[in-house]
Amino acid sequence: MKKFNRCVLILGLLPAMFFLLISFNLAQSLKTPALPGGLKAYRGDRYFQVIPRIVPADSAITVRIISPFEKFPKPGYRYRFRYTPVGRYALQTGWKEAVAEESIPEDNVFEITRYFEGEQEHIIRIEEVDSENRVRQVGTFHLYSLKPDLFALRPYKGDFHLHSFRSDGHESPAYVAGACRRIGLDFAALTDHSNYAASLEAINAFKDLPVDLRLFPGEEIHPPENPVHFVSFGARESITDLIQRDEIAYRKEVQAIMDKLKSVSGGVDKYQYASSVWTFQKIREKGGLGIFAHPYWRPGNANFISYALVDYIIEKRIFDALELISGFGWSELQEVDVNNLQVNKYLEARARGLKLPVVGVSDSHGCEDSDQFGRYYTIVFSPTLELKDLIDSIKNERSVAVETPGGELPRAYGPFRLVNYAHFLLRYVFPLHDEMCFEEGRLMIEYAGGNQSVLERLQLLQGQVRKYYETVWAKETK
Ligand SMILES: [Zn+2]
Ligand SMILES: [Zn+2]
């Protein structure tokens, strides 16, 4: 009987609990919305400008914190700041705790000179003190200091595994390209299934136009009787066409690779492995980057490729980059998060000393109403946005894979040093970058739809990210 009463009570409470849960979620979603790529600009970065934010490590730099909306100083107030090195790296400056140091703003600008030690993030908190010693936080500002090798590079956001309606996607190649800029990418390559021409169609749609998004050729390659999916990024020619033009020649060359193979691990299909070696070789010969796509994709809960083949391909490192983070529809999740498998496989392989360049991609099949598009991508740390530099940088392990699942904080995966820096960029640099890209992308989609009059507006927007970055990175001091 008692048990029954308790049941009734719990059942009676259920609607109330449900209501509380809903209102909690609603309250969460009513906060300032995230940008299309899932990032969010911090308040301090809306109200103030910090110039520069990324500085060379081990040098004294003057940082200007500018307030365009609120007047500083106010009569009768004192100002001070507290400094914290996030990595607690302070061997030379002997920093111990965030003691308050006086700062006198002039014409709405706080000028703070500091020695930024080592490679790490730094926090500066500015406080306002009134005549009765009451303290108000003016703002918290984050900076990053980098060693010369990384300071000389720039981060570029890109996705090179995308589908249009030239294979099984929803939109035209030009639409997808515009949408890529709208979600804040700096470069992209369409990689339709067995279709290289679609990527050229996207490039040609915006050729010689005032557009800052860089588009490169690509395709997803499916050699006959080989379950491995290959993404070719940037190759001068189509590998699919090569196979289809002369399948006999393809089979002969694969047979020659098989003949040379002494033995393979147990469970590895010799033909599938040799065909994979051939495909990656061809991509490389044509100047592209060969990506081992979604190794743990498991349609119907069964892995598409044998575990033995995945292991062997990783062990022999016949690819240029591993698709570490793959986009997938969250509602279609089949009980296993394939990215978790890919990440742990990567960590294990790297711990064994294997060099493993990584990428993150959306593998998106639609830019609207998609959980994938814009949520999975790669940050490449490269000297320029030229194809050769991007490919070299990825091959030299200067890239991280990023995911920003809905409502969650962005996560980067790859070498720790780059991940740490990427997290700073995702919080304090990319949100405003993404916002600038949004309007360009929107106009690109309009142009793709036939509205030529937007070209004038695109012209005005050109170079805005470059100008923003000129304020983010300190000018070279030496
Ligand atoms: Zn695929
Ligand atoms: Zn795909």
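# Exercises on a predicted model

Strand 1 and strand 3 (residues 59–66) pair in the antiparallel sense, joined by 3 bridges. The model is predicted, and each exercise below is followed by its solution.

## Exercise 1. The sheet around strand 3

Find which strands stand at the edges of the sheet ordered 1-3-6, and what follows for their sides.

Solution. Start with the order: 3 strands make an open sheet, 1-3-6, with antiparallel pairing. Next, look at the ends of that order. Strand 1 (49–51) and strand 6 (109–116) are the edges; each has a single partner strand, so one side of each lacks a neighbour in the sheet. From one strand to the next, the twist averages 20°. To fix the register between strand 1 and strand 3, take V50: its bridge partner in strand 3 is I65.

Then move along the chain from strand 1. The peptide bond joining I51 and P52 is cis, with omega about -10°. P52 belongs to the loop between strand 1 and strand 2. A second case involves the loop between strand 3 and strand 4, where P73 is placed. The bond from F72 to P73 is also cis, and its omega is near -5°. Most peptide bonds are trans.

## Exercise 2. The sheet of mixed pairing

Determine which strands are at the edges of the sheet ordered 2-8-7-4-5, and describe the pairing of strand 4 with strand 5.

Solution. The open sheet has 5 strands in the order 2-8-7-4-5, and its pairing is mixed. Strand 2 (54–56) and strand 5 (100–102) pair on one side only, which makes them the edge strands. Neighbouring strands are turned by 35° against each other on average, ignoring direction. Strand 4 (residues 78–85) runs antiparallel to strand 5, and 3 bridges join the two. Within this pair, R80 stands opposite E102 of strand 5.

## Exercise 3. The setting of I123

Decide whether I123 is buried, exposed or partly exposed, and list its contacts distant in sequence.

Solution. First place the residue: I123 is in strand 7 (residues 120–129). Then apply the cut-offs: 20 or more C-beta neighbours within 10 Å means buried, and 12 or fewer means exposed. I123 has 15 inside 10 Å, so it counts as partly exposed. Leaving aside residues up to four places away in sequence, I123 touches T84, V86, T140 and H142. The C-alpha atoms of I123 and R82 are 8.0 Å apart, although 41 residues separate the two along the chain.

## Exercise 4. Strand 13 between two partners

Work out which strands pair with strand 13, and whether its faces are covered or open.

Solution. On the one hand, strand 12 (residues 218–221) is joined to strand 13 by 4 bridges and runs antiparallel to it; E220 stands opposite V231. On the other, strand 13 is linked to strand 14 (residues 289–292) by 4 bridges, again antiparallel. Here the bridge partner of F233 is L289. As for the faces of strand 13 (residues 230–233), both are covered: F230 and S232 are buried on one side, V231 and F233 on the other.

## Exercise 5. Two helices

Compare the spans of helix 12 and helix 13 with those expected, and name the elements that the buried residues of helix 13 pack against.

Solution. Helix 12 (residues 416–428) has 13 residues and spans 19 Å, close to the expected 18 Å. Its buried residues include L418, Y421, F424 and Y428. Helix 13 (residues 430–448) has 19 residues and spans 26 Å, close to the expected 27 Å. Among its buried residues are F430, H433, D434, E440 and M444. The buried residues of helix 13 pack against helix 4 (173–182), helix 5 (197–205), helix 12, helix 14 (455–461) and helix 15 (464–472). After helix 13 comes G450, with a positive phi near 105°.

## Exercise 6. Positive phi outside glycine

State where N301 and R317 lie, and classify the exposure of each.

Solution. Most residues other than glycine have a negative phi. N301, not a glycine, has a positive phi of about 70°. N301 lies in the loop between strand 14 and helix 9 (307–316), and is exposed, with 8 other C-beta atoms within 10 Å. The phi of R317 is near 45°. R317 is in the loop between helix 9 and strand 15 (321–326); its 15 C-beta neighbours inside 10 Å make it partly exposed.

Note on methods:
Residues numbered from 1 in each chain as written. Chains lettered and ligands numbered in written order. Predicted model: local features only at pLDDT ≥ 70, side-chain atom pairs only at ≥ 80, totals over all residues. Pairing = 2+ DSSP bridges. Axes fitted to C-alpha atoms, helices over the stretch in contact; angles between N-to-C directions. Expected span 1.5 Å × (residues − 1). Contact = placed C-beta atoms within 7 Å.
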